[in-house]
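Reader: Hello! I am new to this structure, and I would like a close look at one part of it. Please choose a place near the end of the chain and lead me from there to the rest.

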Amino acid sequence: MNKRILLVEDEEGLIITLTDCLQDEGYQVESATNGESGLRRAAEENFDLLLLDVMLPRKNGFDLLRDLRQKGIKTPAIML
C-alpha cells in the first residue's frame, strides 16, 4: 500500500509539481489549499506525512501543526 501524504499548499503550481514528483516516487498525494481544510483533513484522515506551507490562507502552517498536536495527532510534518 502506498504511503499517503497530505500536501497543504495554496500555490497551484507547487501543488502540481510536488504531487507529480511524489507520485513518481510511489506516494499517494492528497492536497488542501488552506489551513482550515488542511487541519480538517489531517484530523479526520490517516496520513503518513504532512507537507505544510508556512504561509497559508485562513490558518498558517505553524498554527495548523500546533492545533493538530493539541488534538494528539502526531503525524510527522515537514514545513515548506
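**Starting from strand 4**

Author: Let us begin with Ile78, which is in contact with Leu49, Leu50, Leu51 and Leu52 when neighbours within four places in sequence are set aside; contact here means heavy atoms within 4.5 Å. Please keep in mind that this is a predicted model, in which local features need pLDDT of at least 70 and side-chain atom pairs count only at pLDDT 80 or more, while totals for chains, interfaces and linings use all residues. Residues are numbered from 1 along each chain as its sequence is written, and side-chain values use heavy atoms, with hydrogens and water left out.

Ile78 belongs to strand 4. (Strands are DSSP runs of E with at least two residues, helices are runs of H or I with at least four, and both are numbered from the N terminus.) The partners of Ile78 are residues 49 to 52, and strand 3 is 49–52. How exposed is Ile78? It counts as partly exposed, because its relative accessibility is 41% and that class lies between buried, under 20%, and exposed, over 50%, with a 1.4 Å probe and protein chains only. As a distance to look for, the C-alpha atoms of Ile78 and Phe62 are 11 Å apart, with their places 16 residues apart in sequence.

Now step back a little along the chain to Thr75, in the loop that joins helix 3 to strand 4, which is 77–79. Thr75 is in contact with Phe47, Asp48, Leu49, Leu50 and Arg69, leaving out neighbours within four places in sequence. Leu49 and Leu50 are among these partners, and they are also among those of Ile78. Thr75 counts as buried because its relative accessibility is 14%.

Leu50 leads us inwards. It is one of the residues with the most contacts inside the largest nonpolar core, along with Leu6, Val8, Ala42, Leu52, Leu64 and Leu68; this core has 13 residues. (A nonpolar core is a set of buried Ala, Val, Leu, Ile, Met, Phe, Trp, Tyr and Cys residues joined through side-chain atoms within 4.5 Å.) Two or more core residues come from each of strand 1 (4–8), helix 2 (35–44), strand 3 (49–52) and helix 3 (61–70). Helix 3 supplies the largest share, three residues. There is also a second, separate core of six residues, including Leu7, Ile15, Leu22 and Leu51.

Two members of the larger core show how parts of the chain meet. Leu6, apart from neighbours within four places in sequence, is in contact with Glu30, Ser31, Ala32, Gly38, Arg41, Ala42, Phe47, Leu49, Leu50 and Leu51. Leu64, in helix 3, touches Val8, Gly35, Gly38, Leu39, Leu52, Leu56 and Lys59, not counting residues up to four places away. Leu64 is buried because its relative accessible area is 0%. Its C-alpha is 9.8 Å from that of Asn34, although the two are 30 residues apart in sequence. Asp63, also found in helix 3, is partly exposed because its relative accessible area is 26%.

In the loop between strand 3 and helix 3 sits Arg58. Most residues other than glycine have a negative phi. The phi of Arg58, however, is near 75 degrees, a positive value in a residue other than glycine. Arg58 counts as exposed because its relative accessibility is 61%.

Finally, here is the whole picture around strand 4. The protein has three helices and four strands, in the order β-α-β-α-β-α-β along the sequence. Buried residues make up 40% of its 80 residues. Among contacts between residues at least 6 apart in sequence, 65% join residues at least 24 apart. The C-alpha trace spans about 35 × 25 × 15 Å along its principal axes. There are 10 positive and 15 negative side chains, and the centres of the two sets lie 10 Å apart. For this count, Lys and Arg are positive, Asp and Glu are negative, and His and the chain ends are not counted; each charge is placed at NZ of Lys, CZ of Arg, CG of Asp or CD of Glu.
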